Amino acid sequence: MKLRKQVTVCGGAIFCVAVFSLYLMLDRVQHDPARRQNGGNFPRSQISVLQNRIEQLEQLLEENHQIISHIKDSVMELTDTGAVSPSGHLPFRSANGSWVLPFDGRPTFLAVKPQDCQFSASSRGQADVQMLDVYSLLKFDNPDGGVWKQGFDITYEPEEWDNEPLQVFVVPHSHNDPGWIKTFDKYFTDQTQHILNNMVVKLPEDPRRKFIWSEISFFSKWWETADVHKQEAVRKLIQGGQFEIVTGGWVMTDEANAHYFAMIDQLIEGHQWLERNLGVTPRSGWAVDPFGHSATMAYLLKRANLTSMLVQRIHYSIKKHFASTRNLEFMWRQAWDTGSSTDIFCHMMPFYSYDVPHTCGPDPKICCQFDFKRLPGGRINCPWKVPPKTVVEANVAERAQLLLDQYRKKSKLYRSKVLLVPLGDDFRYDKALEWDQQYINYQKLFDYMNSHPEMHVQAQFGTLSDYFDALYKTNGVAQGAKPADFPVLSGDFFAYADREDHYWTGYFTSRPFYKSLDRVIESHLRGAEILYSLAVANARHAGMEGRYPVSDYALLVDARRSVGLFQHHDAITGTAKENVVIDYGTKLLRSLIGLKRVIINAAHFLVMKNKEFYRFYQTEPFLETDDRRATQDSLPQRTLIELDPAGPRYLVLFNPIEQERLCVVTALVNTVRVRVLTEDGQTLPVQLSAQWSSASQMSATFMVRLPPLGLAVFHLYDSPDSPMTLRSETLLRLPGRGASARATDPLPVRSQQADPQTFYISSQSLTLGFSGTTGLLEVCLFFFFISSLNLFDFYFCVEDLPICFHFDLSGGMSHQLDFLTGPGCLMKANMACLVSIKRKDDPQEVKVQMQFMIYGTRPSKDKSGAYLFLPDGKAKPYSQKEPPVVRVVEGPLFSEVVAHYQHFQQTVRIHNVPGVDGLSIDMSTMVDIRDQTNKELAMRLTTDIQSGDAFYTDLNAFQVIQPRRRFLKLPLQANFYPMPSQAYIQDSHHRLTLHTAQSLGVSSLESGQLEVIMDRRLMQDDNRGLGQGLKDNKKTASRFRLLLERRSTGNKMMDSATTSFPSVLSHMTSAVLNHEVLALPVLPKRRGIPPLQTFAPLKSLLPCDFHLMNLRSIQSQDPQSPSPYTALILHRLALDCGVEAQNLGFNCTTTQGQIQVPTDKSSR
């Protein structure tokens, strides 16, 4: 009743203010001589219009009165069916059979300022090259190009360099994979340490020698074992310009599957190490081996103050097109950038590979002759049967002329007369002999070229930045600036094909178990960083730093580096050998265990009401972890909370997201006699359901409201049945006649023979229909309630008149009234007037049919493997002999349908709670295809959304959703893209988004479809160097959220833009999926539990278009301990305001990108 009265009063107040405001305005217009003389804010012609419409206004006011009454009635109906039970306390079933919960009645609002919508709605900056247009333009044919098989014949005139000699920079490098065929440690022992040991000896022998290095994971390991003389030699080589660190990340990260949190974190870890140990900051990026390139990486390098970058693995047809148009060097601009602030200069290598045969020029047969490691008598040779020759005086002229011809041909593909020629390959220069073979022979060639002016060339060894510096100087621009006539490009470079129809789209899904594990650990790492930083700051403030386990910082460092290592382009991609994968998994599990320890130690300190009672014992933790994993390849098992009638158990819940969270939480308990209380003693509704793996354990699910980034304490009792504790109703739909099952103790289970009729589960927001035959989703009904109520800025508009009334309610009871006029008023009102009411009896029904499909691999010689997806045609429906067993669970807090198939178990759950958690469909798929041969399992969603050939995927979860098109001219496998966090389809009415908690491959092969590859089991290598198939599959749980939104401005202009953005609800849905609440039970203590309290670190709300990416304690000079400094990393989110807003369950405001961070000690 209280809520009903508040809504009624609020609606009446708005109506009265509107009426009174209209009266005042008309009175002032008619009776104020000054306003009449000056015309006020109205043209004279419109004054007469107003006078003629006084009677019409009276009619409009009457209509507005009816509207307010309708609003009041609708809100009262909604509160009757969703907000407060008749008793005010107990859950009950409504007339249609759905459960209604007691709700805390706390009002929430959404106040998105119009200016914060303009970013996603504004026009984009112009790029000379847009990658989606390039895909539309190209034929993607593969004619024989001669010596450059994938290109064309290159010709030149000898006198072209007479006035401006060709500058050639040969850049020696060694690509070191931190795990692939060997483990990280094995590579280091066998090869990497020798490369770096040789470097500090061989480079000083000649000051003209240069070398570059990328992977800090290897370099830091070598540094720890290097003596002071080697360390000093490195510093001198850097200072002398002979040795350069490029990119400076912990690894050369994959750019398809990696989440931007991990991409940034590994970059920070590498750069922090370099600053602390060498005092250097990388200037140039080097990415020769990731299998396709993302615009996210370009943005991150730019923000890390790098000025230039290099990429290599890009579709051969795109390389050929860029070479023919001399667009291989360009300014890479973010598609959403309206200016040029994100531009970074990018060099694209033109040929097949980064090895020596494919870097000096277009003819690999000739270039291989200048890889002097392949000299006769060595372990490797040239496949083209023409070996290198040692350069001597007798052949130097002929050798130099032959090499210069390749240099000149390669330079014709670029716009400047400065040429980059990489010289290296995987794990090169691990023998001292190779250093001599390469450097001595090349120096002879350079000396000859440079001493013969008629050759018009200046050749030398160089670092990557040497090349870029010379290019900028030649073009007369500053470092990183755009040279004249160089193009601007936007877009990304997926999918990658290296030859024929061999598309590297299989690795988007390969080894999904570890892709999922990676994201779990990333979330734990972020949560541990935040809680640790807050706990240490609180301990320092309380003078208790000596009593808090600050040494936990070493666990954070270990986890940062393990997560960073796994971002390597042969790790998260699933393209390493089986023993290497086990090594990655072991490192990740060790880090996960360490992170859980950091979290429980920080939470222990922060929830103590009286810090004087705080005691830390290494061997006697205060809290338990939320779950445990027995091995690196096992699924987590939740921690059992054993309740005892003698007293309560305490449960600490951690909310890792930066907004208040209204959600359901499930705890595993040992009894059905469960009662859950909040910290202040309020009894919460509990839904009990069976734990199907154990008859003695129960799942207790309850609804909680958690502070942002905070910790809340709950009490769990073993007590007689409470009216707030209700048991789930379970129905087993069994195939076959006569099949039955029944149980009443401890929880009721009914069974029935399955029939083909559609059956349903419902919540306050959703009704889902399932096939009676398959048990899989086939229809969704979405109910739209009060979309949003902006209590800060409310616009009341008069139809047909250029008048708006703006009520600023931010000042408590005082109401500031603004009169806005002119045509811009209506636009402003449309963007900010966020009141929308839809009745529950007006559902939006959308067909969403779920199917599982099977791909085979082609019968020819080339087959699918860890990298490649080479299907044998279109997917075929998954089938099994026996129909599935389907379990239907219904209750007040959640309802779910679980379909049990031989190779997967599909769970679809809806939460009956207000806000984000209740507005999407929670889906999880347990996949086990270990008995399959050359099969790939896909989940397909088929809808009646008219999406055409367009769909949208994210890039590294970095908010920008990349438009994709399904091209019939491309093979099926070419239309798959990475999906790190979400993909959606849309038409002018609806948007359907599939959010994912792990990176997988996705496509839309027909209008209205989304298809995700769930797992791949392949018995053979795909001839890309791995030497193995994918036969180490695990039982894998993949988690999703399916969100349907109604579009309010789905116009073609927006749909044809080069970018798209999620709504605020979509952003929050992704956050709750990827950052689950951590439930930390307090261990029973003989001495009793000291008083605990909620920990809420934020004094004020963070704007809901901000994501707190990390709160990272900075290392001191001792890498195992923190400095006094903490890095606050914020990410501002772009919002699509053309999607109808929903009640998020928390107060959501935006502030035009402004945020206040307290700096005084008292507010820390």
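## A walk through the structure

The side chains of Arg 1041 and Asp 917 meet in a salt bridge, with 2.7 Å from N to O. This pair links distant parts of the chain, since Arg 1041 belongs to strand β50 (residues 1036-1046) and Asp 917 to the loop between β40 and β41, 124 residues apart. Buried or exposed, where do Arg 1041 and Asp 917 lie? Both are buried. Please keep in mind along the way that this is a predicted model.

Let us step back and take in the whole chain. The protein chain has 22 helices and 54 strands. Of its 1164 residues, 60% count as buried. About 44,800 Å² of the protein chain is exposed, and carbon and sulfur atoms supply 52% of that area. Among the contacts with a separation of 6 or more, 75% are between residues 24 or more positions apart.

The loop that holds Asp 917 is also home to Asn 912, and the strands on either side of the loop are β40 (904-911) and β41 (921-927). Asn 912 has a relative accessible area of 4%, so it is buried. What does the side chain of Asn 912 reach at 3.0 Å? The answer is the backbone oxygen of Pro 892. Beyond its neighbours within four places in sequence, Asn 912 is in contact with Trp 99, Val 100 and Leu 101, with Ser 763 and Gln 764, and with Pro 892, Leu 893 and Phe 894.

Now follow the chain to a group of strands. Strand β43 (residues 950-954) is mostly covered, with four of its five residues buried. β43 pairs with strand β44 (residues 961-965) in the antiparallel sense, over five bridges. Six residues lie between β43 and β44 in a hairpin, and in the turn Asn 956 has a positive phi of about 60°. In this pairing, Thr 953 has Gln 962 of β44 as its bridge partner. β43 also pairs with β46, again in the antiparallel sense, over two bridges. There, Thr 953 stands opposite Ala 983 in β46.

β46 deserves a closer look. Why is strand β46 (residues 982-986) described as largely enclosed by the rest of the structure? It is because five of its five residues are buried. In a regular strand, side chains alternate between the two faces of the sheet. In β46, Gln 982, Tyr 984 and Gln 986 are on one side, Ala 983 and Ile 985 are on the other, and with all of these buried both faces are covered. β46 runs antiparallel to strand β47 (residues 990-996), and five bridges join the two. Ile 985 has Leu 992 in β47 as its bridge partner. The hairpin from β46 to β47 passes through three residues.

Elsewhere, five strands make an open sheet with mixed pairing, in the order β19-β21-β25-β24-β27. Its edge strands are β19 (640-641) and β27 (725-727), each of which pairs on one side only. Within this sheet, strand β21 (residues 661-669) and strand β25 (residues 698-706) are antiparallel partners over nine bridges. Cys 663 stands opposite Val 704 in β25.

We can now return to salt bridges, of which the structure holds 57. One of them joins Lys 202 and Asp 436, with the closest N and O atoms 3.1 Å apart. Lys 202 is in helix α7 (residues 184-202) and Asp 436 in helix α15 (residues 432-450), so the pair ties together parts that are 234 residues apart in sequence. Lys 202 counts as buried at 11% relative accessibility, while Asp 436, at 23%, counts as partly exposed.

Another salt bridge connects Asp 627 with Lys 596, where the closest N and O atoms are 3.0 Å apart. Because Asp 627 lies in strand β17 (residues 627-628) and Lys 596 in helix α19 (residues 578-607), this pair ties together parts that are 31 residues apart in sequence. Asp 627 is buried, with a relative accessible area of 17%, and Lys 596 is buried with 8%. Salt bridges also form a network, which links Asp 371, Lys 373, Arg 374, Arg 428 and Glu 434.

Our last stop is on the surface. Leu 1128, Ile 1155 and Val 1157 form a nonpolar patch there, together giving about 230 Å² of accessible area. Ile 1155 sits in the segment after β54 (1148-1149). With a relative accessible area of 31%, Ile 1155 is partly exposed.

Notes: Residues numbered from 1 in each chain as written. Predicted model: local features only at pLDDT ≥ 70, side-chain atom pairs only at ≥ 80, totals over all residues. Heavy atoms only, no water. Buried < 20%, exposed > 50% of the residue type's maximum accessible area, 1.4 Å probe, protein only. Pairing = 2+ DSSP bridges. Patch = residues over 30% accessible without salt bridge, like charges linked within 9 Å, V, L, I, M, F, W, Y side chains within 5 Å. Areas by Shrake-Rupley, 256 points an atom, 1.4 Å probe, with all protein chains shown as cover. Salt bridge = Lys/Arg side-chain N within 4 Å of Asp/Glu carboxyl O. Polar contact = N/O pair within 3.5 Å; in protein donor to acceptor, adjacent residues only side chain to side chain. Contact = heavy atoms within 4.5 Å.
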